[in-house]
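Biologist: Please take a close look at a single part of this model, and then describe what surrounds that part. Give the cut-offs of the terms as you go, since I am new to them.

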Amino acid sequence: MGNKKTIYLAAPLFNEAELSYNLTLKKCLEPVFNVYLPQEDGLLLRDIVSESISPEIAEGKIFEADIMAMNNSDIILVVLNGAHIDEGVAFELGYCFANGKRCIGLKEDVRQALPTGNNPMISRSCERIFDNKDSLLSWLMP
């Protein structure tokens with residue numbers, strides 16, 4: 001992994017558009033960072049359950065793999081798109097914030113549930129929240 005810092009990319013991963021978005025973002029970050037993207041580098045519930053492993057055991061394996069990856073990361077980048085933030089992303093952000101990791105958000109989607117923006121527990125956990133990839137990348141990769 002060399003001297004590159006590691007980013008844990010926390011993002012929804014439940015449809016083709018989300019998966020594709022996440023891969024594009026990972027490719028943009030890779031020249032400067034090691035990027036841990038759970039959909040590629042971790043375990044996916046649908047894949048493990050299809051191997052005839054019980055959902056309970058599968059969930060435990062996913063949880064442990066992602067916790068280890070978050071612990072080994074320097075920065076968490078959370079994708080906050082949608083009116084409601086993905087519950088897995090919200091957990092990952094809270095876990096990393098509580099463990100002293102640098103937390104950065106990206107919200108390119110104008111939908112939001114609260115008229116004031118993100119839930120304060122989300123916005124106050126992030127060092128910065130960017131509204132587009134270009135500004136995020138120029139800030140992270142001077």
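**Helix α5 and the sheet beneath**

Modeller: Glu87 and Ala98 are exposed, and they sit on the other side of α5 from its buried residues. Exposed means over 50% relative accessible area and buried means under 20%, with partly exposed in between (1.4 Å probe, protein chains only). Helices (H or I, at least four residues) and strands (E, at least two) are DSSP runs, numbered from the N terminus.

The model is predicted, so local features need pLDDT of at least 70 and side-chain atom pairs count only at pLDDT 80 or more, while totals for chains, interfaces and linings use all residues. Residues are numbered from 1 along each chain as its sequence is written, and side-chain values use heavy atoms, with hydrogens and water left out.

The buried residues of α5 are Val89, Glu92, Leu93 and Cys96. Down the axis they fall within an arc of 100°, so they line one face of the helix; the arc is that of the directions from the helix axis to the C-beta atoms. These residues pack against β1, α4 (55–71), β3, β4 and α6 (120–123). Contact means heavy atoms within 4.5 Å.

The twelve residues of α5 reach 16 Å from the first C-alpha to the last, close to the 16 Å expected at 1.5 Å a residue. The expected span is 1.5 Å times one less than the number of residues. At the start of α5, a side-chain oxygen of Asp86 comes to within 3.0 Å of the backbone nitrogen of Gly88. This is a polar contact, that is, a pair of N or O atoms within 3.5 Å; within protein, one must be able to donate a hydrogen and the other to accept it, and residues adjacent in sequence count only if both atoms are side-chain atoms. After α5 comes Gly100, which has a positive phi, near 75°.

Now the sheet. Helix α5 (residues 87–98) lies across β1, β3 and β4 (102–106), and runs at about 155° to β3. Axes are lines fitted to C-alpha atoms, for helices over the stretch in contact, and angles run from 0 to 180 degrees between N-to-C directions. The open sheet has five strands, in the order β2-β1-β3-β4-β5, with parallel pairing. Its edges are β2 (34–36) and β5 (128–130), each with a single partner strand, so one side of each has no neighbour in the sheet. From one strand to the next, the twist averages 25°. Two strands count as paired if DSSP finds at least two bridges between them.

Strands β1 (residues 6–10) and β3 (residues 75–79) pair in the parallel sense over four bridges; one of the partners is Ile76 in β3, which bridges to Tyr8. Between β3 and β4 there are five bridges, again parallel, and Ile75 stands opposite Arg102 in β4. On its other side, β1 pairs with β2 over three parallel bridges, and Ile7 has Val35 of β2 as its bridge partner.

How enclosed are these strands? In β1, five of the five residues are buried, so β1 is largely enclosed by the rest of the structure. Thr6, Tyr8 and Ala10 are on one side and Ile7 and Leu9 on the other, so both faces of β1 are covered. In β4, four of the five residues are buried, so β4 too is largely enclosed.

At the edge of the sheet, strand β2 contains Asn34. This residue counts as buried, at 14% relative accessibility, and a polar atom of the Asn34 side chain lies 3.4 Å from the backbone oxygen of Lys4.

Last, the wider setting. The protein has seven helices and five strands, and buried residues make up 42% of its 142 residues. Among contacts between residues at least 6 apart in sequence, 70% join residues at least 24 apart.
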